[in-house]
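Colleague: Before I use any of the labels attached to this model, I would like to hear the reasoning behind them. Can we go through them one at a time?

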Amino acid sequence: MNAELRTRPETERLTVVAKTASKTPVIFVLEDDPDILRLIQHQLKLAGFETVGYATSAGMLEQAGRAQPALFLLDIMLPGDSGLDVCRRIRQNHKLEMTPVMFLTAKGEETDRVSGLELGADDYMLKPFSPRELIARIRAVLRRTQRPEKPAIIRVGELEINEEAMSISVSGSLVSTTPTEYRLLEYLASHAGRVFTRDQLLDAVWRDSHFVTLRSIDVFVRRLREKIEPDPEHPVYLKTVRGVGYRFDRGSETAA
C-alpha cells in the first residue's frame, strides 16, 4: 500500500494518508491501533476512497474544516477525547455538522449504540469487522446522505425543507441537523399525511443499516421535535399515531 507516514507530536501520535490516483471522496479515520488503521485505509483505498488517518483527535477537526471529508469513521475508546466526544464536536461545528459520522468500535452495548445515536451518528459497526461489510455500509451511508438530483423546497407553516441545500429552517432560522435526521424529516414531509410504521421508516431511511432498532427511530423523532416544533410535547408537524407509527402533518404545505 502506498502510504505516507508523517511524524507528529506525541499528542497526535500517528497520521497516515493513503492517496488514490484521482479525485475521490475523502474519509477521515480515527483509530488508535496502527494495524487496524492501516487495514481500514488499505481496504478503503482498494474501494476507491482517499483517507486521512488519525490515532488521536488532535488536529483532526481543524484539517477537516479545510478538507471537507465525505465521512468520519470513528473509534470510541481512544487516548484523549473519545470518539463520542469527537462526534459531539462535529455536530456542533457549522462547517462539519452535515458530514456523515460512522462508529467502528468494540463497544457493543445497547447504551453505547444509543449514545452514538443521541449524538447524531449515521451508522454504528462493531469490531471485529468484515472489510467487505464496512465498505458496503460506508457506501450505504453516503448514498442516503447525498443531495437529490431534482431538488425542491417544502414549506409547511414556519418550517422549510430545502432539498438542494439539505437544510431545514424554522421561522427563517437555520436548524442544525445530522444527515440522518434531515433524511428522516425530508422523507416524512415528502409523504405528508401518510402514516408510516417504524419498520417502514427503517427500510426507507436506513435501508441496510444494522445498528438502528425500531425504538432507535423514536430517538431520532424526539431529537427532530426538539429542533423544529414550537412545543415538542405537543408537536405540530411530527405526529405520533398510537399503535402504528408516525406521520407528518400536511397543514398548509407548498412545494417549490
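Modeller: A residue counts as buried when its relative accessible area is under 20%. Keep in mind throughout that this is a predicted model.

Colleague: Then why is M166 called buried?

Modeller: The relative accessible area of M166 is 9%, and the cut-off is under 20%. M166 is therefore buried. Its place is in the loop between strand 9 (159-162) and strand 10 (167-170).

Colleague: What else marks M166 in its backbone?

Modeller: M166 has a positive phi of about 50 degrees, although it is not a glycine. S171 is also not a glycine and has a positive phi, of about 55 degrees. S171 sits in the loop between strand 10 and strand 11 (173-175).

Colleague: Which peptide bond is cis, and what is its omega?

Modeller: The cis bond runs from K127 to P128, with omega near -10 degrees. P128 belongs to the loop between strand 7 (123-126) and helix 5.

Colleague: How many helices and strands does the chain have?

Modeller: Eight helices and 15 strands. Of the 256 residues in the chain, 51% count as buried. Among contacts with a separation of 6 or more, 59% come from residues 24 or more positions apart.

Colleague: Take helix 6 and helix 8. What makes helix 6 roughly perpendicular to helix 8?

Modeller: Helix 6 (residues 179-190) and helix 8 (residues 214-228) pack at an angle of about 85 degrees. The range for roughly perpendicular is 65 to 115 degrees, so helix 6 is roughly perpendicular to helix 8. Their axes are 10 Å apart.

Colleague: Which residues make that contact?

Modeller: From helix 6 come T180, E181, L184 and L185. Helix 8 supplies F220, V221, R223, L224, K227 and I228. By class, the contact of helix 6 with helix 8 has six nonpolar, one polar and three charged residues.

Colleague: Why is helix 6 described as largely enclosed by the rest of the structure?

Modeller: Because eleven of its twelve residues are buried. The buried residues in helix 6 are P179, T180, E181, Y182, R183, L184, L185, E186, Y187, L188 and A189.

Colleague: How do you know that the lengths of helix 6 and helix 8 agree with what a helix should span?

Modeller: The expected span is 1.5 Å times one less than the number of residues. For the twelve residues of helix 6 that gives 16 Å, and the end C-alpha atoms are 16 Å apart, so the values agree. For the 15 residues of helix 8 the expected span is 21 Å, and the end C-alpha atoms are 22 Å apart, which agrees.

Colleague: Which residues of helix 8 are buried?

Modeller: S216, I217, D218, V219, F220, V221, R223, L224, R225 and I228.

Colleague: Why is F220 counted as buried?

Modeller: F220 has a relative accessible area of 0%. The cut-off is under 20%, so F220 is buried. Leaving aside neighbours within four places in sequence, F220 contacts L117, A121, T180, E181, L184 and W206. F220 and E118 are 102 residues apart along the chain, and their C-alpha atoms are separated by 7.8 Å.

Colleague: Does the reasoning carry over to I90? Why does I90 count as buried?

Modeller: The relative accessibility of I90 is 0%. Set against the cut-off of under 20%, I90 is therefore buried. I90 is in helix 3 (residues 83-91). Not counting residues up to four places away in sequence, I90 touches L61, F72, L74, L96, E97 and V101. The C-alpha atoms of I90 and F72 are separated by 9.2 Å, with their positions 18 residues apart along the chain.

Colleague: Last pair. Why is helix 1 called oblique to helix 5?

Modeller: The axes of helix 1 (residues 34-46) and helix 5 (residues 131-144) cross at roughly 60 degrees and come within 10 Å. Roughly parallel needs an angle under 35 degrees, and roughly perpendicular needs 65 to 115. Neither range takes in the crossing, so helix 1 is oblique to helix 5. The crossing of the two helices is right-handed.

Colleague: Which residues meet where helix 1 and helix 5 are in contact?

Modeller: I40, Q43 and L44 in helix 1 meet P131, L134, I135 and I138 in helix 5. The contact of helix 1 with helix 5 has six nonpolar residues, one polar and no charged ones.

Note on methods
Residues are numbered from 1 along each chain as its sequence is written. This is a predicted model: local features need pLDDT of at least 70, side-chain atom pairs count only at pLDDT 80 or more; totals for chains, interfaces and linings use all residues. Side-chain values use heavy atoms; hydrogens and water are left out. Axes are lines fitted to C-alpha atoms, for helices over the stretch in contact, and angles run from 0 to 180 degrees between N-to-C directions. Helices (H or I, at least four residues) and strands (E, at least two) are DSSP runs, numbered from the N terminus. Angles under 35 degrees count as roughly parallel, over 145 as roughly antiparallel, 65 to 115 as roughly perpendicular and the rest as oblique. Contact means heavy atoms within 4.5 Å. Ala, Val, Leu, Ile, Met, Phe, Trp, Tyr, Cys and Pro count as nonpolar, Asp, Glu, Lys and Arg as charged, and the others, Gly among them, as polar. Buried means under 20% relative accessible area, exposed over 50%, partly exposed in between (1.4 Å probe, protein chains only). A crossing is left-handed if the near helix is turned anticlockwise from the far one by less than a right angle, and right-handed if clockwise.
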